[in-house]
Amino acid sequence: MEILYFDCSSGISGNMTLGALLEIVGNEDYLLNELKKLNIDGYKIEISKKIKNGITGTYVDVILENEHNHEHSHEHEHGHEHIHAHEVHHEHRNLNDVNTIIDNSEIDEKSKELAKRIFLRVAKAESKVHNKPIEEVHFHEVGAIDSIIDIVGTAILINKINPDKIVSSIVNDGYGFIECAHGKMSVPVPATSEIFANSNVKFRQIDIDTELVTPTGAAIIAELAEEFTTLPAMVTQKIGWGAGSKDLKIPNVLKVYYGKIEKVNEDFIVMETNIDDTAGEIFGYVSEKLFENGALDVFFTPIFMKKNRPAYRLTVACRSEDLYKLQKIIFRETTTIGIRYRYEYRTELEREELEIDTKYNKLKVKKVKNNGETYIYPEYESMKKIAEENDIPLKELYKLNELKEV
């Protein structure tokens with residue numbers, strides 16, 4: 001399984017993300033040619049190397065050309081975006097304008113959808129902060145060309161790398177105050193705080209007196225990362241270093257690992273509860289309900305509980321996303337007041353469902369592969385139907401030659 005791991009120990013911004021991902025992709029022309037498909041002008045991109053506390057990283061700078069044809073370096077990460085975005089007066093775009101630019105481009109559909117989801121996170125945050133409907137928000141930062149480049153460029157590079165999983169460290173932000181279009185603001189700035197509040201991002205403040213996470217960076221990591229934890233056991237194949245514009249007492253870089261981890265079924269859960277005061281009919285009903293709602297397996301085991309009472313242990317296997325839904329069914333439909341659960345590993349064989357021709361009729365089967373060998377297992381309901389239609393003992397159908405053919 002291929003994985004990207006974002007080390008956000010020095011925060012994250014849009015162009016730091018671009019710099020790090022560019023080093024992993026290793027092809028600047030690919031990004032620049034894809035971005036031309038946006039069909040917007042008024043900017044140019046400069047890609048260079050910067051040294052931060054002895055570490056060399058890639059620095060991506062979006063340079064805006066305003067109406068006076070005066071070029072001004074849009075050092076937009078870590079606070080500068082808040083100061084400069086309002087200076088280019090002809091850029092007043094809302095979310096719909098940005099989405100229209102993306103939709104009308106020739107960029108691939110996956111990158112379009114990812115970019116729009118990232119923009120939506122920032123738009124929702126700005127809407128909350130300014131107490132305006134989302135369609136009325138004219139962004140100080142999101143509508144500007146540099147943010148379009150940062151977010152769409154990130155989406156393009158992520159889909160070029162195409163990892164199976166994206167994980168992040170806990171995101172570090174600084175403290176104190178920064179200058180922005182509205183005056184002084186405390187760090188994390190309001191939009192960043194709202195993006196964090198509407199996601200599963202784990203973040204904290206560290207002893208750096210400035211902004212480390214921009215709203216764009218917050219939205220990117222909130223959308224991309226599945227979990228926020230320490231570096232998992234992985235074989236690293238590449239590391240990308242994205243440089244920021246600030247000189248701090250820590251290296252102002254975003255470090256992104258690209259590598260492989262073993263694919264394990266970490267989302268497999270087994271639930272158990274012991275029940276000694278529920279009627280047998282209820283157990284059958286509960287079993288049906290659990291299967292209908294995504295349970296992978298349900299079974300009952302006869303047990304003896306305290307005072308030698310005969311009882312049943314209900315065991316349910318499910319995926320982690322179905323845990324709470326299935327627990328609600330068990331609590332509602334049985335008399336239990338507590339459910340144990342644990343995460344387990346399991347080994348699954350490669351399988352496919354198909355229909356095979358038999359001398360009686362088509363039969364639904366599972367074709368399973370194991371260590372170079374193939375097995376065919378018939379589906380019970382399909383076998384039962386053939387047995388009844390042809391008045392054949394079910395056990396005879398299991399001897400069909402077709403079940404031995406691969």
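Modeller: Helices (H or I, at least four residues) and strands (E, at least two) are DSSP runs, numbered from the N terminus. The structure above is a predicted model, in which local features need pLDDT of at least 70 and side-chain atom pairs count only at pLDDT 80 or more, whereas totals for chains, interfaces and linings use all residues. Residues are numbered from 1 along each chain as its sequence is written, and side-chain values use heavy atoms, with hydrogens and water left out.

Biologist: Let me start with the sheet: in which order do the four strands stand?

Modeller: Strands of a sheet pair through backbone hydrogen bonds, either parallel or antiparallel; two strands are taken as paired if DSSP finds at least two bridges between them. Here four strands make an open sheet with antiparallel pairing, in the order 14-15-13-16. Strand 14 (297–304) and strand 16 (340–343) are the edge strands, each pairing on one side only. On average, neighbouring strands of this sheet are turned by 20° against each other, direction ignored, where axes are lines fitted to C-alpha atoms (for helices over the stretch in contact) and angles run from 0 to 180 degrees between N-to-C directions.

Biologist: How many bridges join strand 13 to strand 15, and which helix packs on the sheet?

Modeller: Strand 13 (residues 268–275) and strand 15 (residues 310–319) run antiparallel and are joined by eight bridges; Ile275, for example, stands opposite Tyr312 in strand 15. The helix is helix 9 (residues 280–292), which touches strand 13, strand 14 and strand 15, and whose direction makes about 150° with that of strand 14; contact means heavy atoms within 4.5 Å.

Biologist: Turning to the interior, which residues touch the most other members of the largest nonpolar core?

Modeller: A nonpolar core is a set of buried Ala, Val, Leu, Ile, Met, Phe, Trp, Tyr and Cys residues joined through side-chain atoms within 4.5 Å; buried means under 20% relative accessible area, exposed over 50%, and partly exposed in between (1.4 Å probe, protein chains only). Of the 59 residues in the largest core, Leu4, Phe6, Leu38, Ile149, Val152, Val171 and Ile221 touch the most other members. Helix 6 (residues 145–161) gives the largest share of this core, 10 residues. Beyond its neighbours within four places in sequence, Leu4 is in contact with residues including Leu21, Ile158, Val167 and Tyr258. A second, separate core of 16 residues includes Ile269, Ile275, Val298 and Ile330, and Ile275 is the residue that stands opposite Tyr312.

Biologist: And the backbone: where does Lys307 lie?

Modeller: Most residues other than glycine have a negative phi, and most peptide bonds are trans. Lys307, in the loop between strand 14 and strand 15, has a positive phi near 60° and is exposed, with a relative accessible area of 72%. Asn308 lies in the loop between strand 14 and strand 15 as well; its phi is positive, about 55°, although it is not a glycine, and at 62% relative accessibility it counts as exposed. The peptide bond joining Val187 and Pro188 is cis, with omega about 0°, and Pro188 is found in the loop between strand 8 (183–186) and helix 7 (190–197).

Biologist: Finally, which residue takes a positive phi in the hairpin of strand 18 and strand 19?

Modeller: In that hairpin, which has two residues between the strands, Asn371 takes a positive phi near 55°. Strand 18 (residues 362–370) and strand 19 (residues 373–378) run antiparallel and are joined by six bridges, with Lys369 standing opposite Thr374 in strand 19.
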